[in-house]
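Student: I would like to learn how to read helix packing and sheets in a model. Could we go through one together?

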Amino acid sequence: MSENQNLLAEQRRALILDEVRRRGGVRVNELTRKLNVSDMTIRRDLDALARQGLIEKVHGGAVPVVEASTHEPGFEAKSALEPSAKEEIARAAAALAAPGSAIALSGGTTTYALARHLLDVPDLTVVTNSVRVADVFHDARHTAGGGGARPGAATVVLTGGVRTPSDSLVGPVADRAIGSLHFDVLFLGVHGISAEAGLSTPNLAEAETNRRLVRAARRIVVVADHTKWGTVGLSSFAALDEVDTFVTDAGLAPELRAEIGEHLPGLLVAGDAPGDPVEPAEPADAPPSPGA
């Protein structure tokens, strides 16, 4: 851990959370020495992490929150977690979408943030099983003067299906719709990601719909903040080596970045300072022009 007194509160809390998860618990006096801040500052950080449901405070320190693998938070609850990290991830991931390409966005709060940044990419065809994501494009499509669609607005296909607590559409209707399609790139939000379990979700129906999305995509980009690493849901739907690029935030510890780099070809860390090394990631190729 860095001993920089000038760490922003959010950066400091990310370091504390990584330490709790890696070691299974920390003591306040250990954190004050490692982060070179006061006892009161550490206790405020632990209070903030506990309010977000990320740790459990115990006498003298904190331990990880152990959630059931079937626990599925709602969209609003997840929206309150790591909002600035999700925004940075969304901004970086949007650069991977080429104008005129066919893309898919799964459900989730990070893909919802990504959708807003994709509004600036012209002539996309977007397939999604997220009502929230579809609404972003629908609302933007009609902002041009005169009531018509603005030039270059995305064409959006909403799969249909049964709505989950996280506002994803899943089940046989969604699965059939996705099964007949092909995407240049899939932007995939996840409940959890780990080397052993791969990509996972607590919802069995959502796992099957995500499998269909993965099979239909030429390239898979996972968008997930650093707190998702090490989380395992009830059902795995893809192995880590099926992912082409993992876009995450600077809160991911250096040793975890190295571990992830052993399993997949592309790691893009949003929010890193200029000059920090990251694996390059190229945008998905746009479809060839007619007659090319």
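Student: Which residues in helix 1 meet which residues in helix 3?

Tutor: This is a predicted model. On the helix 1 side, the residues are Arg12, Arg13, Ile16 and Leu17. In helix 3 they meet Thr41, Ile42, Arg44, Asp45, Leu46, Ala48 and Leu49. The residues of this contact divide into six nonpolar, one polar and four charged.

Student: How is the arrangement of two packed helices described?

Tutor: Two values serve for a packed pair: the angle between the axes and the distance between them. Here, helix 1 covers residues 9–23 and helix 3 covers residues 39–51. Their axes come within 10 Å and cross at roughly 75 degrees. Angles of 65 to 115 degrees count as roughly perpendicular, so helix 1 and helix 3 are roughly perpendicular to each other.

Student: Now the sheets. What is the strand order in the open sheet of three strands?

Tutor: The order is 1-3-2, and the pairing is antiparallel. Strand 1 (26–27) and strand 2 (55–58) are the edge strands, each pairing on one side only.

Student: How many bridges join strand 1 and strand 3?

Tutor: Two bridges, in the antiparallel sense, with strand 3 running over residues 61–64. To see one bridge, find Arg27: its partner in strand 3 is Gly61. Helix 3 appears again at this sheet, where it packs against strand 2 and strand 3. The direction of helix 3 makes about 135 degrees with that of strand 2.

Student: What are the order and the pairing in the open sheet of seven strands?

Tutor: Reading across, the order is 6-5-4-9-12-14-15, with parallel pairing. Its edge strands are strand 6 (155–158) and strand 15 (266–270). On average, neighbouring strands of this sheet are turned by 20 degrees against each other, direction ignored.

Student: Where can I look for one parallel pair in it?

Tutor: Take strand 4 (residues 102–105) and strand 5 (residues 125–128), which pair in the parallel sense over four bridges. Within that pair, Ile103 stands opposite Val126 in strand 5.

Student: Which strands does helix 7 touch?

Tutor: Helix 7 (residues 131–141) packs on the sheet and touches strand 4, strand 5 and strand 6. Its direction makes about 150 degrees with that of strand 6.

Student: And which strands does helix 5 touch?

Tutor: Helix 5 (residues 83–94) touches strand 9 (185–189), strand 12 (220–223), strand 14 (245–249) and strand 15. The direction of helix 5 makes about 145 degrees with that of strand 14.

Definitions and conventions: Residues are numbered from 1 along each chain as its sequence is written. This is a predicted model: local features need pLDDT of at least 70, side-chain atom pairs count only at pLDDT 80 or more; totals for chains, interfaces and linings use all residues. Side-chain values use heavy atoms; hydrogens and water are left out. Axes are lines fitted to C-alpha atoms, for helices over the stretch in contact, and angles run from 0 to 180 degrees between N-to-C directions. Angles under 35 degrees count as roughly parallel, over 145 as roughly antiparallel, 65 to 115 as roughly perpendicular and the rest as oblique. Contact means heavy atoms within 4.5 Å. Ala, Val, Leu, Ile, Met, Phe, Trp, Tyr, Cys and Pro count as nonpolar, Asp, Glu, Lys and Arg as charged, and the others, Gly among them, as polar. Two strands pair if DSSP finds at least two bridges between them.
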